[in-house]
Amino acid sequence: MIVVGCFAASEAAAWYLCAHPGSELAWYINLEIFRPFELARSGTSPLRELFGPASLGIALSLLGVIALMHRRQLRWGVALAANLSFVFAAFLAGSWSAVPGTTRSAALGGFAGTASGDHCLVIALLAVSFLSVAASHLAFLGRIVKEIGRPGVGRA
């Protein structure tokens, strides 16, 4: 849900920038906070098809569907959303890292990487989505083990 929420927030920030192109805050949010999403919108990104005029509505709808599935305790739906969020976060990280100058550097001496908002956002999205995928898989595995352990189940 965090990955979809971040996607919705980046789309809202892009919409705000289009509505107020002179706003320094809008430029800051789009270029500093949501830079990986801006790079994913570029013409060379494999994710560019996901971004468009209807993206904000789609992202908000997805948030609503995920919240409803969570509320109704539809485990398969929440697990599907977790897996798709991880795939999206992985593609976002790949799109972000493919841009020249974001992760590569040439130096004659030692190089200590710099921490930036880009790194923090991408790592956080990957970590949170991976944890949700792992939790959903462990929950399903636990349910399978519990079903197998019941008397009369799994024995021929």
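Of the 156 residues of the protein, 29% count as buried in this predicted model. The protein exposes about 10200 Å² in total, and carbon and sulfur atoms supply 69% of that area. Its secondary structure consists of six helices and zero strands, so that, read from the N terminus on, the elements run α-α-α-α-α-α. When contacts between residues at least 6 apart in sequence are considered, 73% of them join residues that are at least 24 apart.

**The nonpolar core**

In soluble globular proteins, nonpolar side chains tend to be buried together. In this model the largest nonpolar core has 21 residues, and F37 and L125 are the ones that touch the most other members. At least two residues of this core come from each of α1 (2–19), α3 (35–40), α4 (55–71), α5 (75–97) and α6 (117–149), with α1 giving the most, namely six residues. The surroundings of L125 can be listed by name: when residues up to four places away in sequence are not counted, L125 touches I2, V3, C6, F37, A89 and L92.

Another residue to look at is S129, which is found in helix α6. Is S129 buried or exposed? With a relative accessible area of 1%, S129 is buried, because buried means under 20%. Leaving aside neighbours within four places in sequence, S129 is in contact with V3, A82, S85, F86 and A89. Two of these names, V3 and A89, also appear among the residues that L125 touches.

**Helix α5 and a surface patch**

Helix α5 has 23 residues, which at 1.5 Å a residue should span 33 Å, and the end C-alpha atoms of α5 are 33 Å apart, so the two values agree. Which residues of α5 are buried? They are G77, A79, A81, A82, S85, F88, A89, L92, A93, S95 and W96.

Helix α5 also contributes to the surface. L74, W76, L80, L84 and F140 form a nonpolar patch there, and together these residues have about 500 Å² of accessible area. The largest share of the patch, three residues, comes from α5. L80, one of the patch residues, has its place in α5 and counts as partly exposed, at 45% relative accessibility.

**A salt-bridge network**

Side chains of opposite charge can pair when their charged atoms come close. How many salt bridges does the model have? The count comes to two salt bridges, and they are set out below with the distance between the closest N and O atoms of each pair.

| Salt bridge | Closest N and O atoms |
|---|---|
| R41 and E11 | 2.5 Å |
| E38 and R41 | 2.7 Å |

In the pair of R41 and E11, R41 lies in the loop between α3 and α4 whereas E11 lies in helix α1, so the pair ties together parts that are 30 residues apart in sequence. The residues of these bridges can also be described by their accessibility. E11 is buried, with a relative accessible area of 6%, whereas R41 counts as partly exposed at 22% relative accessibility, and E38 likewise counts as partly exposed, at 25%. Salt bridges that share partners join E11, E38 and R41 into one network.

**Helix α4 and the loop that follows**

V65 lies in helix α4 and is partly exposed, with a relative accessible area of 45%. V65 and V78 are 13 residues apart in sequence, and their C-alpha atoms are 9.6 Å apart in space.

The loop between α4 and α5 holds Q73. Most residues other than glycine have a negative phi. What is the sign of phi at Q73? Although Q73 is not a glycine, Q73 has a positive phi of about 60°. Q73 is also exposed, with a relative accessible area of 66%.

Terms used. Residues are numbered from 1 along each chain as its sequence is written. This is a predicted model: local features need pLDDT of at least 70, side-chain atom pairs count only at pLDDT 80 or more; totals for chains, interfaces and linings use all residues. Side-chain values use heavy atoms; hydrogens and water are left out. A nonpolar core is a set of buried Ala, Val, Leu, Ile, Met, Phe, Trp, Tyr and Cys residues joined through side-chain atoms within 4.5 Å. Buried means under 20% relative accessible area, exposed over 50%, partly exposed in between (1.4 Å probe, protein chains only). Helices (H or I, at least four residues) and strands (E, at least two) are DSSP runs, numbered from the N terminus. Contact means heavy atoms within 4.5 Å. Patches are made of residues with over 30% relative accessible area and no salt bridge: like charges are joined within 9 Å, nonpolar side chains (Val, Leu, Ile, Met, Phe, Trp, Tyr) within 5 Å. Accessible areas come from the Shrake-Rupley method with a 1.4 Å probe; for residues, only the protein chains shown count as cover. A salt bridge is a side-chain nitrogen of Lys or Arg within 4 Å of a carboxyl oxygen of Asp or Glu. The expected span of a helix is 1.5 Å times one less than its number of residues.
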